[in-house]
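Work through the exercises below with the sequence and the model side by side. Each task is followed by a solution in steps.

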Amino acid sequence: MNPLISLHNAIFSRVDRQDWILPTLARFLFAAVLVGYFWNSGLTKLGDGIFGIFVPSTGAYAQIWPKVFESVSYDSSQLGLFHWAVVWAGTMAEFILPALIVLGLFTRLAAIGMIGFVVVQSLTDIYGHGADASTIGSWFDRISDAHIMDQRSFWVLLLLILVVKGAGILSLDQVLSRRMASQSQTA
């Protein structure tokens, strides 16, 4: 039994020292699975023309403020600055936060922002759009295809790895950290 334990310890003590694996894989999977999803969603919220970034589409209001937008007969001119600001910030978040995560720049803050975004997105789907029970799903039900409880829980886990571990060695965060460390040593 001791040789087996020794072999186990020898192998996994090396794995324990590889702090770069989890954050690098988390960022890779985020890029491979979720960046396109969020950027495509952001594109649906942009208005027409070059200034479409400042004049969100009607779809943006319908996605983010479904009940409020319906109450004004889908006329965005009847909504206030607050509604515009939330739509604009949400749209920008769908572009900026994923880009920061992929680049590994301010990764922990971007991952926290994405977790908040996913929570708000999920609550909007449940309460604003009236997601049904099969879309919401539930844990411990042996069915793993619900869009909110199942899928988005994995998204949040992936993002929590980045919050806890950071971006890893293959990141702009690491470059900035090294640069700041070398500047503080020369100062």
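**Exercise 1: the last helix and its end**

Gly166, which comes just after α8, has a positive phi of about 85°. The model is a predicted one, in which local features need pLDDT of at least 70, side-chain atom pairs count only at pLDDT 80 or more, and totals for chains, interfaces and linings use all residues. Residues are numbered from 1 along each chain as its sequence is written, and side-chain values use heavy atoms, with hydrogens and water left out.

Task: describe the span of α8 and the packing of its buried residues.

Step 1. Helices are DSSP runs of H or I with at least four residues, numbered from the N terminus. Helix α8 covers residues 147–165.

Step 2. From first C-alpha to last, the 19 residues of α8 reach 26 Å, close to the 27 Å expected at 1.5 Å a residue. The expected span is 1.5 Å times one less than the number of residues.

Step 3. Buried means under 20% relative accessible area, exposed over 50%, and partly exposed in between (1.4 Å probe, protein chains only). In α8 the buried residues are Ile148, Asp150, Arg152, Trp155, Leu158, Leu159 and Leu162.

Step 4. These buried residues pack against α2, α5, α6 and α7 (133–136), with contact taken as heavy atoms within 4.5 Å.

**Exercise 2: salt bridges**

Task: find the salt bridges and say which parts of the chain each pair links.

Step 1. A salt bridge needs a side-chain nitrogen of Lys or Arg within 4 Å of a carboxyl oxygen of Asp or Glu. The count by this rule is three.

Step 2. Asp19 and Lys165 pair at 3.8 Å, N to O. Asp19 is in the loop between α1 (2–16) and α2 and Lys165 is in α8, so this bridge ties together parts 146 residues apart in sequence. Lys165 is partly exposed at 38% relative accessible area.

Step 3. In the pair Glu94 and Lys45, the closest N and O atoms are 3.0 Å apart. Glu94 belongs to helix α5 (residues 81–103) and Lys45 to the loop between α2 and α3, 49 residues apart. Glu94 counts as buried at 2% relative accessibility, and Lys45 is buried at 5%.

Step 4. Asp125 bridges to Arg152, with 2.8 Å between the closest N and O atoms. Asp125 sits in helix α6 (residues 107–128) and Arg152 in α8, so the pair ties together parts 27 residues apart in sequence. Asp125 is partly exposed at 21%, whereas Arg152 is buried at 8%.

**Exercise 3: a serine in a loop**

Task: is Ser57 buried or exposed, and what does its side chain reach?

Step 1. Ser57 lies in the loop between α2 (21–43) and α3 (58–64).

Step 2. Its relative accessibility is 15%, so Ser57 counts as buried.

Step 3. The Ser57 side chain reaches the backbone oxygen of Thr44 at 2.9 Å.

Step 4. With neighbours within four places in sequence left aside, Ser57 is in contact with Thr44, Lys45, Leu46 and Gly47.

**Exercise 4: positive phi outside glycine**

Task: where do Ser73 and Arg142 lie, and how exposed is each?

Step 1. Most residues other than glycine have a negative phi.

Step 2. Ser73 has a positive phi near 55°. Ser73 is in the loop between α4 (66–71) and α5, and is exposed at 61% relative accessible area.

Step 3. Arg142, also not a glycine, has a positive phi of about 70°. Arg142 is in the loop between α7 and α8, and counts as exposed at 85% relative accessibility.

Note on methods:
Helices (H or I, at least four residues) and strands (E, at least two) are DSSP runs, numbered from the N terminus. A polar contact is a pair of N or O atoms within 3.5 Å; within protein, one must be able to donate a hydrogen and the other to accept it, and residues adjacent in sequence count only if both atoms are side-chain atoms.
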